[in-house]
Amino acid sequence: MKSLRRSEERGHFDHGWLDTRYTFSFADYYDPAHMGFRSLRVINEDRVAPLRGFGPHPHRDMEILTWVISGAVEHRDSMGNHGVVRPGEIQRMTAGTGVTHSEMNPLREELHLLQIWILPERRGLEPTYEQRAFPEAERRGTLRRIASREGSAGGDGAVQIHQDVSLYATLLEPGESVTHTLAPGRHAWLQIVRGEVEALGERLRAGDGLAVSDEPKVEIVARTSAEALLFDLA
C-alpha cells in the first residue's frame with residue numbers, strides 16, 4: 001500500500017524572509033488528512049533569507065532533526081551547544097523536558113533545509129544534542145543510515161533518535177538504484193530532496209513524499225541526479 005504526497009499539495013507560506021512548505025499539518029497550516037505518518041510528525045522544507053532565521057524559541061518532548069540542502073544553519077541552545085550545520089551533516093536535538101534554541105542563517109546566501117520532527121518513545125527525556133557529518137562518498141549509490149534508535153552504539157556513526165526509526169540518505173546518478181527491504185510490520189516514508197526518481201511505480205520529484213505500508217521492499221531508481229531520504233518506521 002502506498003500514498004503519494006505531491007510537493008505542490010503541501011502547505012505553503014511565504015513570510016518574506018522565510019519561504020516554507022509543510023508536508024504535514026504545522027503551525028497555521030492544518031489538514032486533518034495529513035497529520036503525520038507513524039511517528040514522523042513534521043517535514044518542513046524551509047528557504048531562509050541571508051542573515052535571517054529563527055530566534056530563540058522553546059520546544060519540548062520532540063526529536064528534532066535538521067538536514068541542510070544548501071547553505072548553512074547556525075545553532076545555539078540553552079544546553080550550551082553552538083555549531084554550524086552544513087550540507088552532508090545532520091543535527092539531532094532531543095527537546096525532552098524542555099530546551100530553547102535558535103537556528104539562524106549566518107551567510108549572505110539563501111539557506112535551504114529540511115526540518116524533521118519525530119515523536120519520541122516517551123515524554124520527559126533529558127535534552128541532548130548531536131551533530132555528525134556524512135560525506136558524499138558515504139551516501140553515493142547506497143542507502144547510508146544517518147540516524148537510528150541505536151545511534152552510535154549501532155556501529156555506523158548514526159545519531160540517536162529516541163524512537164523506533166531509522167533514517168537513510170542516498171545520492172544517486174541517472175540509472176542508479178538502491179533497494180531497502182522492509183521487515184514485516186514496518187513502514188517507510190520516502191522524501192525526495194533533489195532530482196527525480198521512480199519508486200513503486202511512481203515518478204517522484206523534489207519535494208514529493210511517498211508513504212509505504214505492507215510492501216516487502218522499496219526500490220529507488222534515479223531518473224536524474226537525485227538525493228533522497230528514507231525513513232524506516234515501526
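These legends go with a set of close-up views of a predicted model.

**View 1. Here is the largest nonpolar core, with its 25 residues.**
The residues with the most contacts inside this core are L40, I90, I146, L167, W189, L229 and F231. Several strands chip in: β4 (40-48), β6 (63-70), β11 (111-118), β13 (144-148), β15 (165-172), β17 (187-194) and β22 (226-233) each give two or more residues to the core. There is also a second core, separate from this one, with 19 residues. Among its members are V178, A188, V218 and I220.

**View 2. This one peeks into the largest cavity, a space of about 40 Å³.**
A search of the whole structure turns up 1 cavity of 30 Å³ or more. Its lining is made by F54, T66, V73, E103, L113 and Q115. By type, that lining splits into 3 nonpolar residues, 2 polar and 1 charged.

**View 3. R186 sits here between two acidic partners, pairing with D164 and with D232.**
Side chains of opposite charge can pair when their charged atoms come close. For the D164 salt bridge, the closest N and O atoms are 2.9 Å apart. D164 belongs to the loop between β14 (159-160) and β15, while R186 belongs to the loop between β16 (177-181) and β17, so this pair links distant parts of the chain, 22 residues apart. For the D232 salt bridge, the closest N and O atoms are 2.7 Å apart. Because D232 lies in strand β22 and R186 in the loop between β16 and β17, this second pair ties together parts that are 46 residues apart in sequence. As for exposure, R186 counts as buried at 17% relative accessibility, and D232 is buried too. D164, on the other hand, is partly exposed, with a relative accessible area of 25%. Zoom out a bit and E121, R149, D164, R186 and D232 turn out to be linked in a network of salt bridges.

**View 4. Another salt bridge joins E150 and R145.**
The closest N and O atoms of this pair are 3.4 Å apart. R145 is buried, with a relative accessible area of 16%, whereas E150 is partly exposed at 40%. For the overall tally, the structure holds 24 salt bridges.

**View 5. H187, in strand β17, takes the spotlight here.**
This histidine is buried, with a relative accessible area of 11%. What does the side chain of H187 reach at 3.4 Å? That would be the backbone oxygen of G185. The H187 side chain also makes a polar contact with the side chain of S213, at 2.6 Å.

**View 6. Two loop residues, L51 and D214, have positive phi values without being glycine.**
L51 has a phi near 60° and is found in the loop between β4 and β5 (53-59). This leucine is partly exposed, with a relative accessible area of 42%. D214 comes in with a phi of about 55°, and its place is in the loop between β20 (209-213) and β21 (217-222). Is D214 buried or exposed? With a relative accessible area of 66%, D214 is exposed.

Definitions and conventions
Residues are numbered from 1 along each chain as its sequence is written. This is a predicted model: local features need pLDDT of at least 70, side-chain atom pairs count only at pLDDT 80 or more; totals for chains, interfaces and linings use all residues. Side-chain values use heavy atoms; hydrogens and water are left out. A nonpolar core is a set of buried Ala, Val, Leu, Ile, Met, Phe, Trp, Tyr and Cys residues joined through side-chain atoms within 4.5 Å. Buried means under 20% relative accessible area, exposed over 50%, partly exposed in between (1.4 Å probe, protein chains only). Helices (H or I, at least four residues) and strands (E, at least two) are DSSP runs, numbered from the N terminus. On a 1 Å grid over the protein atoms alone, a cavity is a set of points where a 1.4 Å probe fits but cannot get out, and a pocket is an open set with protein on both sides within 12 Å along at least five of seven lines; lining residues have an atom within 4 Å of a point. Grid points are joined across faces, edges and corners, and a volume is the space filled by probe spheres set on the points. Ala, Val, Leu, Ile, Met, Phe, Trp, Tyr, Cys and Pro count as nonpolar, Asp, Glu, Lys and Arg as charged, and the others, Gly among them, as polar. A salt bridge is a side-chain nitrogen of Lys or Arg within 4 Å of a carboxyl oxygen of Asp or Glu. A polar contact is a pair of N or O atoms within 3.5 Å; within protein, one must be able to donate a hydrogen and the other to accept it, and residues adjacent in sequence count only if both atoms are side-chain atoms.
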